[in-house]
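Here are my notes on this model, as numbered points. Please read them with the structure open.

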Amino acid sequence: MAKDTLINLRNQVMYCIYVRNYGPNGTFKDVENDLNRIKDLGTDIIWFMPIHPIGVEGKKGSLGCPYSIKDYREINPEYGTMKDFKELVDKIHDAGMKCIIDVVYNHTSKDSRLLTEYPEYFYRKQDGTLGGKVGDWTDVIDLDYENRNLWKYQIDTLKMWAGIVDGFRCDVAPLVPIDFWIKARAEVKKVNSNCIWLAETLDFGFIKYLRSKGIDCASDGEAYQAFDICYEYDIWDSFNKYLKGECTLSHYVDRLNMQESIYPKNYVKLRYLENHDQPRAKKIIPDTQDLRNWLAFTYFQKGTTLIYAGQEAQNTNCPSLFEIDKVDWAGIDENFTSLMKKLYNVKKISLVKDGDYKLVPFNELDTVAGYYERNNSKLVGIFSLKGKHGLINIELKDGVYTNILDNKTIEVKNGCITLEDEPVIININN
């Protein structure tokens, strides 16, 4: 684990933006014009998917993939200029938020500047040709981290950007040597001592597959040596199986609880219902009331909450990475965004940062109760994930409490609570 990771990241909400599909023109100026709304929704960190020029050779779709990067040190002219980006970052800072950018260090485009200037930095297949170790990423070629000169180039690039932004989301981070990331973190710290490091880690099945092919691939536990935050793909298969009725709620919740013991004490997970690689939450959880409970559960869990632009409008279409495919804002619902704002306030409660944390499942009612405790203070969350009603046991003394999400009273009688449609969060601060 990065020993200096700040656990106040557990009190943070991150908002992800793909500039091409954001606003009428898909530019930095469009994002700048929307900053007040993003901030008001409840956002601490804005993450920009890759902002660099996109490769043309072998490109996917008509416009190419942002993860096929032509030049790590330049700005995609579709979005604006370097000056425009720096002005946007200044505005983000002025609004009290931070900014992180995508780092795609496993591969470049087939026509990248790096290939032109340093062909020795690239992975070669047995026949000597360029290519990739895994996957169907036909528009990219892999880098070779056996070459230590590549390390210097990549770290120098990070240090350049660390003078502008507040951190990095690192694409398929486990495929790049952990020792590189450890060194990069140490070097970047000289430029930005508070840099945020987010790793896109991988699911267990993919890690096992890669290792079976003789490819080095780090686990989450290893990634925490260099990174502050890791994706929650370690439990993603159970999440999907539960939604499909292929496993019990207990199985899913047991996996979540296990994170408390298998990772370092100051671990931080990225909690999300969707991201740019996954279906939209509204697509897989179409019932609005169920979605409200899942949203509340996501905010309640220990970790940094991620919102993918358009999630607040309950989009069902996951925008294409390769075409202009705009976020649809027509579905904005004040009741839904109001809930997000209230959940943001819950995220700021101190117990979410350092309280003793556990989840308790109730299979028959498809309900999760969550607890944060410290001394005599307690934060309790109750989430009916499939709209079922009934009684559940709750670890609260009999009495009347207030649901801080809607200010309605909640009665605990004989150690039980009656499930309602809406999520419930009770804050006892003694």
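1. Start just after helix H3, where Gly-96 has a positive phi of about 85°. Keep in mind that this is a predicted model.

2. Helix H3 itself covers residues 82–94, 13 residues in total. Its first and last C-alpha atoms are 18 Å apart, close to the 18 Å expected at 1.5 Å a residue.

3. Which residues of H3 are buried? They are Asp-84, Phe-85, Leu-88, Val-89 and Ile-92. These residues cover an arc of only 135° around the axis, so they sit on the same side of H3. Lys-83 and Asp-94, on the other side of H3, are exposed.

4. The cover over the buried residues of H3 includes three helices and two strands. The helices are H1 (28–33), H2 (35–42) and H5 (148–162). The strands are S2 (45–48) and S3 (98–103).

5. Helix H10 (residues 249–262) also has the span expected of it. Its 14 residues should span 20 Å at 1.5 Å a residue, and its end C-alpha atoms are 20 Å apart.

6. The buried residues of H10 are Leu-249, Ser-250, Tyr-252, Val-253, Arg-255, Leu-256 and Gln-259. What do they pack against? Their partners are helices H7 (204–212), H9 (236–243) and H12 (288–300), together with strands S9 (268–271), S11 (356–362) and S12 (367–374).

7. Now the hairpin. S15 and S16 form it with six residues between them. The two strands pair in the antiparallel sense over four bridges. Val-400 stands opposite Glu-411 of S16.

8. Side chains alternate along S16. Ile-410 and Val-412 point to one face and are buried. Thr-409 and Glu-411 point to the other face and are not buried.

9. Two residues other than glycine deserve a look for their backbone. Most residues other than glycine have a negative phi. Asn-407 has a positive one, near 65°. Asn-407 lies in the loop between strand S15 (399–402) and strand S16 (409–412). Is Asn-407 buried or exposed? Its relative accessibility is 63%, so Asn-407 counts as exposed.

10. Gln-314 also takes a positive phi, near 55°. Gln-314 is found in the loop between strand S10 (304–308) and helix H13 (334–347). Its relative accessibility is 13%, so Gln-314 counts as buried; the cut-off for buried is under 20%.

Terms used:
Residues numbered from 1 in each chain as written. Predicted model: local features only at pLDDT ≥ 70, side-chain atom pairs only at ≥ 80, totals over all residues. Heavy atoms only, no water. Buried < 20%, exposed > 50% of the residue type's maximum accessible area, 1.4 Å probe, protein only. Expected span 1.5 Å × (residues − 1). Arc of directions from axis to C-beta. Contact = heavy atoms within 4.5 Å. Pairing = 2+ DSSP bridges.
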